Amino acid sequence: MIVGAIESYEIQYLNELDSIYPRREIKNIFFELLLYIKRWNKIDYLLNKNKILEKNEIKFLSESLRKLKNHIPLQHIIGYVLFCDLKIKVNEHVLIPRPETEELVHIIYNQNKLETSLNILDVGTGSGCIIIALKTLLKNTNCKGIDISQKALNIAIENANCNNSDIDFKNQDINEYSVRPNSFDIIVSNPPYVPIRELKKIRTNVIDFEPHMALFVENNNPLKFYHTIAEFGRNSLVNKGKIYFETHEDYAFEIVNLLKDKKYKNCIIRQDLQGKNRFVEAIKYD
Ligand SMILES: C[S@@+](CC[C@H](N)C(=O)[O-])C[C@H]1O[C@@H](n2cnc3c(N)ncnc32)[C@H](O)[C@@H]1O
């Protein structure tokens with residue numbers, strides 16, 4: 001191997017990050033960084049791995065390695081994630097959009113793509129990823145996103161502008177939110193759902209760099225957001241309006257039960273690509 005060749009940096013990443021990330025993830029991180037600095041995909045890398053990097057590229061890879069060793073998430077290093085093919089800016093004030101959430105967007109899109117006009121609300125919009133993707137994919141929608149965090153909303157607004165999405169964002173606590181009856185055809189939410197007792201199981205790059213307000217709920221009331229949003233939907237959804245939730249895999253059945261208690265029908269649990277119970281949907285009838 002040529003000293004200073006690109007592949008030597010891959011080896012350095014694998015050696016120095018192995019106590020923090022699994023090997024496959026380190027390789028993915030390295031490829032993401034190469035894509036970022038050189039626009040290279042994996043094939044480009046294989047064809048060029050003996051080449052020597054430019055000075056500024058070496059500096060970037062070294063600084064990134066230092067940050068990764070300090071548990072700074074890759075997405076914060078490059079400043080964005082690709083979500084449903086959209087560039088979504090992220091920082092410490094928003095949850096980093098997850099691949100499962102892209103699956104939720106696709107479920108909603110596939111079920112509603114033939115509708116001609118929809119009013120959609122995203123509760124706990126964070127970076128705005130869900131509502132911006134829906135606005136982009138579904139034609140003729142009025143989209144609204146609410147979040148209790150103004151700092152998160154500032155990022156959501158920036159993301160909507162960068163993606164030419166006209167979305168009405170509002171700084172609002174869902175517990176105090178009221179609208180006219182029949183305001184929405186669809187309510188979607190990926191609310192905080194991790195019981196705080198699970199904090200110990202979660203990696204430092206999540207705990208230290210993502211807002212706890214976006215992640216955690218009290219141990220004794222893990223479904224509180226689902227109760228509140230389902231109750232809110234009883235009044236604010238039109239007849240046959242739909243509610244879509246991302247959930248903790250352990251609570252999907254309980255969420256179905258709470259929706260049934262609130263007279264929602266056609267309650268369905270869907271798995272994510274890893275086979276975990278991750279999404280719950282239901283229809284409200286008057
Ligand atoms: C799990 S994050 C989801 C962010 C984004 N929708 C996504 O899927 O990546 C939950 C979001 O709910 C917001 N949130 C927490 N409590 C809230 C409340 N009481 N009312 C409205 N939003 C709230 C948080 O600020 C956070 O942005």
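Below, a biologist and a modeller talk through the labels used for this predicted model.

Biologist: Let's start with burial. Why is Y226 called buried?

Modeller: Buried means under 20% relative accessible area. Y226 comes out at 1%, so it counts as buried. Y226 belongs to helix α11, residues 224-236.

Biologist: What separation do you get between Y226 and N161?

Modeller: Their C-alpha atoms are 30 Å apart, with the two positions 65 residues apart along the chain.

Biologist: And K144, why does that lysine count as buried?

Modeller: Same test: the cut-off is under 20%, and K144 has 18% relative accessibility, so it is buried. K144 sits in strand β4.

Biologist: What makes the pairs K144–D168 and K144–Y177 polar contacts?

Modeller: The N or O atoms have to be within 3.5 Å, with one able to donate a hydrogen and the other to accept it. The side chain of K144 reaches the side chain of D168 at 3.5 Å. With the side chain of Y177 the distance is 3.5 Å too. Both pairs are therefore listed as polar contacts.

Biologist: Now the loops. Why is N140 called exposed?

Modeller: Exposed needs over 50%, and N140 has 58% relative accessibility, so exposed is the word. N140 is in the loop between α7 and β4.

Biologist: What makes the backbone of N140 worth a remark?

Modeller: Its phi is near 60 degrees, a positive value, and N140 is not a glycine. Most residues other than glycine have a negative phi.

Biologist: Which label does N182 get, and why?

Modeller: Partly exposed covers what falls between the buried and exposed cut-offs, 20% and 50%. N182 has a relative accessible area of 45%, so partly exposed it is. N182 lies in the loop between β5 and β6, and has a positive phi of about 60 degrees without being a glycine.

Biologist: How do you know that β9 pairs with β6?

Modeller: Two strands pair if there are at least two bridges between them. β6 (residues 184-189) and β9 have 5, in the parallel sense, so they pass the test. In that pairing V188 faces Y244 of β9.

Biologist: And what joins β9 to β11?

Modeller: There are 6 bridges, and the two strands run antiparallel. F245 is opposite V280 in β11.

Biologist: What makes β9 mostly covered?

Modeller: Of its 10 residues, 237-246, 7 are buried.

Biologist: On to the ligand. Which residues come nearest to it?

Modeller: The shell has 20 residues, and the nearest are G124, D147, D173, N190 and A214. Helices α7 and α10 each supply at least two residues of that shell.

Biologist: What makes D173, I174 and T125 polar partners of the ligand?

Modeller: The limit is 3.5 Å between N or O atoms. A polar side-chain atom of D173 is 2.9 Å from a ligand nitrogen. For I174, a polar backbone atom lies 2.9 Å from a nitrogen of the ligand. For T125, a backbone N or O atom is 3.3 Å from a ligand nitrogen. The protein covers 96% of the 600 Å² of accessible area that the ligand has on its own.

Biologist: What makes you say that the ligand sits in a pocket?

Modeller: More than half of its atoms must lie within 2 Å of the pocket's grid points. The space the ligand takes is the second largest pocket.

Key
Residues are numbered from 1 along each chain as its sequence is written. This is a predicted model: local features need pLDDT of at least 70, side-chain atom pairs count only at pLDDT 80 or more; totals for chains, interfaces and linings use all residues. Side-chain values use heavy atoms; hydrogens and water are left out. Buried means under 20% relative accessible area, exposed over 50%, partly exposed in between (1.4 Å probe, protein chains only). Helices (H or I, at least four residues) and strands (E, at least two) are DSSP runs, numbered from the N terminus. A residue is near a molecule or strand if one of its heavy atoms lies within 4 Å of it. Accessible areas come from the Shrake-Rupley method with a 1.4 Å probe; for residues, only the protein chains shown count as cover. On a 1 Å grid over the protein atoms alone, a cavity is a set of points where a 1.4 Å probe fits but cannot get out, and a pocket is an open set with protein on both sides within 12 Å along at least five of seven lines; lining residues have an atom within 4 Å of a point.
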